[in-house]
Amino acid sequence: MNKIIINGEDIKIEGNSDIEISIGEASKFLNVQSVKIKIIKNTDIIIEASEVDIKLDFYINVLKDIKANIYEYKHDGDYKFQYKYYLEENSHLNVEKICDGKNIKEMTVINLNGENAIANFNLKTICKSLEKYNFLVYHNAKNTVSNILNNGVNILDGKLEFNVSGFVLNGMTGCNIDQKARIINMTENSCIIKPNLFIDEEDVIANHSALIGTFSFEEVFYLMSRGISKKETLNLLTKGFLLKGITYYKEILKEIINEYWR
Amino acid sequence: MNILKIENLTVEIGGKTILKDFNLEIKSGEIHAIMGPNGTGKSTLTKVIMGDTNYKIIKGKIIYNGKVINKMPVNERAKLGIFLGMQMPVAIEGVSNADFLRSALRTKEGDNFKLLSFIKEVEELTKKLHMDSEMIHRGINDGFSGGERKKNEILQMNILKPNIVLLDEIDSGLDVDSLKLVGESVMDYYKDKKPAVLLVTHYQRLLDYIKPDFIHIMKDGHIVLSGDKSLALKIEKEGYDKLVGDIYE
């Protein structure tokens, strides 16, 4: 287990036995810090960020045959983060990310460079202001798999945007690419999902779904038909929507949800 | 004694009339079975009684113990003790059966809710219904087969203990053994609590386990023929066309 704690301008590392990590300046002029991580053994990495006021670039390299889980939680700050992942042959990366920041702008680039590399992303956010998440997923090798799940609940002054683009080059056969994005919009503000698939190969399984709205009538009716009030029904559905698939930060996410939906 | 009365109920959806001057009265301790060909309004009837706002009541009344409940929200109807076991219960990912049932029972029982009793009862019922004990921790109907969903409806009925039980094609999707389990479980509940039961079914086989006092055949949005259990056997033997045809001739 490795932990990266980012608070203000400070970046602290705890227990880095399974990874090689270096911290530096990506750009002095733009005040951008960088964190370079090479994952050399199967491991879990925790990233906790709070009240961050620097721009940060992550470079994460998952070596051949390595399995890594990254659990990330960011809160209380304006974030401009960029992530670049490089996955080698037979590597397997799972990322669970909880966002409860003020303003968040992220760019995530996933390079599936080795055959049979797998990247699973599960992002949950409670958007209260401006949040924009861009994903570029490059299937640069055969039989690579990407599952990108973005779920957000938009509240208060929230304006949430997910842009996900997947690329499969010609000759990269046997790839499996899945993008799912859903925003529960509890405001009158506009939210955006742009799902893009750029596929130049026939032997590919590709799925995408994008949904912005509230919970379905059927879901609400079913719960209310057991006597549960509309308010509690929406609370239950929101909790379920956000908690699904979250493991490491489940309890923290429950606490966050309880703050907004008592 | 609880009485559910439907008076001259006319209902439409999307400009199409589904129920026309429908009349029925059900009392505690009575089992009514509604049968009839597809598209005659059987499922609509149960949904409208439960308070599905997709349907527009044009005229008529739904009366529970003397009170008109036409405009009552669905959760308030449930609190009165009306329960609908649905034909195709929706799957809701992320919301566990346990959280859902606990919320529903806590709403019903308020301060009298006892967590340990709830857990014990759920354990007993999952065993009785031959359900996977882990299902309680899974999302509501998430990944459930058709049969498991129906059993989950019956489990909820047993937990919530309603006065008026509406069962919409609770037999569809069930294999022979599951049908027997579900049928017997409904009858056990009936013998214990004596609710009013209104069940919608296409087939006589469910009535081998749930013994109705009255059978009604619906066509074109209202009841065209009523009788005792022998009517179900007659339907099985002769079919709706002949029976309902006889009425109009």
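Begin with chain A and select its nine-stranded open sheet, in which the strands follow the order β2-β1-β5-β7-β9-β11-β13-β15-β17 and the pairing is mixed. The edge strands to highlight are β2 (10–14) and β17 (204–213) of chain A, each of which pairs on one side only. Neighbouring strands of this sheet are turned against each other by 5° on average, direction ignored. The model on display is a predicted one.

**The β2 edge of chain A**

Select strand β1 (residues 2–7) of chain A together with β2(A); the two pair in the antiparallel sense over five bridges. Within this pairing, display Ile5(A) and find Lys12(A) of β2(A) standing opposite.

**A run of parallel pairings**

Next, select strand β10 (residues 103–112) and strand β12 (residues 130–139) of chain A. Nine bridges join β10(A) and β12(A) in the parallel sense. Lys105(A) has Lys132(A), in β12(A), as its bridge partner. Now add strand β14 (residues 159–168) of chain A, which pairs with β12(A) in the parallel sense over ten bridges. Which residue of β14(A) is the bridge partner of Tyr138(A)? Selecting Phe167(A) shows that partner.

**A helix across the sheet, and chain A as a whole**

Select α2(A), residues 230–243. This helix lies across β11 (118–127), β13 (145–154) and β15 (175–185) of chain A, and α2(A) runs at about 150° to β13(A).

Zoom out to view the whole of chain A, which has three helices and 17 strands. The C-alpha trace of chain A spans about 55 × 45 × 35 Å along its principal axes. Chain A has 262 residues and a radius of gyration of 19 Å, which agrees with the value near 18 Å for a compact globule of that length. Of these 262 residues, 40% count as buried. Among contacts in chain A between residues at least 6 apart in sequence, 74% join residues at least 24 apart.

**Where chain B touches chain A**

Display both chains. Here 22 residues of chain B are in contact with 18 residues of chain A. On the chain B side, the elements that give two or more residues are α2 (74–80), β7 (92–96), α3 (97–109) and α5 (146–160) of chain B. Which of these gives the most? It is α3(B), with six residues. Coloured by class, the side of chain B that touches chain A shows eleven nonpolar, six polar and five charged residues.

Keep α3(B) selected. This helix has 13 residues and reaches 18 Å from its first C-alpha to its last, close to the 18 Å expected at 1.5 Å a residue. Its buried residues are Asn97(B), Phe100(B), Leu101(B), Ser103(B), Ala104(B) and Leu105(B). The buried residues of α3(B) pack against elements of both chains: α1 (217–224) and α2 (230–243) of chain A, together with β7, α4 (115–128), β8 (139–140) and α5 of chain B. Just after the helix, select Gly110(B), which takes a positive phi of about 60°.

**Helix α6 of chain B**

Move to helix α6 (residues 176–193) of chain B, which has 18 residues and reaches 26 Å from its first C-alpha to its last, close to the 26 Å expected at 1.5 Å a residue. Leu179(B), Leu181(B), Val182(B), Gly183(B), Ser185(B) and Val186(B) are buried in α6(B). The buried residues of this helix pack against α4 and α5 of chain B. Just after α6(B), Lys194(B) takes a positive phi of about 50°.

**The loop at His202(B)**

Select His202(B), in the loop between β10 (196–200) and β11 (214–219) of chain B. His202(B) is partly exposed, because 16 other C-beta atoms lie within 10 Å. Leaving aside neighbours within four places in sequence, His202(B) is in contact with Met35(B) and Glu169(B). His202(B) and Asp168(B) are 34 residues apart in sequence, and their C-alpha atoms are 10.0 Å apart in space.

**The four-stranded sheet of chain B**

Finally, select the open sheet of chain B, whose four strands follow the order β2-β1-β4-β5 with antiparallel pairing. At its edges stand β2 (16–27) and β5 (67–68) of chain B; each has a single partner strand, so one side of each is left without a neighbour in the sheet. Strand β4 (residues 56–64) of chain B and β5(B) pair over two bridges, and Tyr64(B) has Lys67(B) of β5(B) as its bridge partner. To close, add helix α1 (residues 42–50) of chain B, which lies across β1 (3–13), β2 and β4 of chain B and runs at about 70° to β2(B).

Note on methods: Residues are numbered from 1 along each chain as its sequence is written. Chains are lettered from A and ligands numbered from 1 in the order in which they are written. This is a predicted model: local features need pLDDT of at least 70, side-chain atom pairs count only at pLDDT 80 or more; totals for chains, interfaces and linings use all residues. The radius of gyration is taken over C-alpha atoms; the globule rule is 2.2 Å times the number of residues to the power 0.38. A residue is buried if 20 or more other C-beta atoms lie within 10 Å of its own, exposed if 12 or fewer, and partly exposed in between; C-beta atoms are placed from the backbone. Two residues are in contact if their C-beta atoms, placed from the backbone, lie within 7 Å. Ala, Val, Leu, Ile, Met, Phe, Trp, Tyr, Cys and Pro count as nonpolar, Asp, Glu, Lys and Arg as charged, and the others, Gly among them, as polar. The expected span of a helix is 1.5 Å times one less than its number of residues. Two strands pair if DSSP finds at least two bridges between them. Axes are lines fitted to C-alpha atoms, for helices over the stretch in contact, and angles run from 0 to 180 degrees between N-to-C directions.
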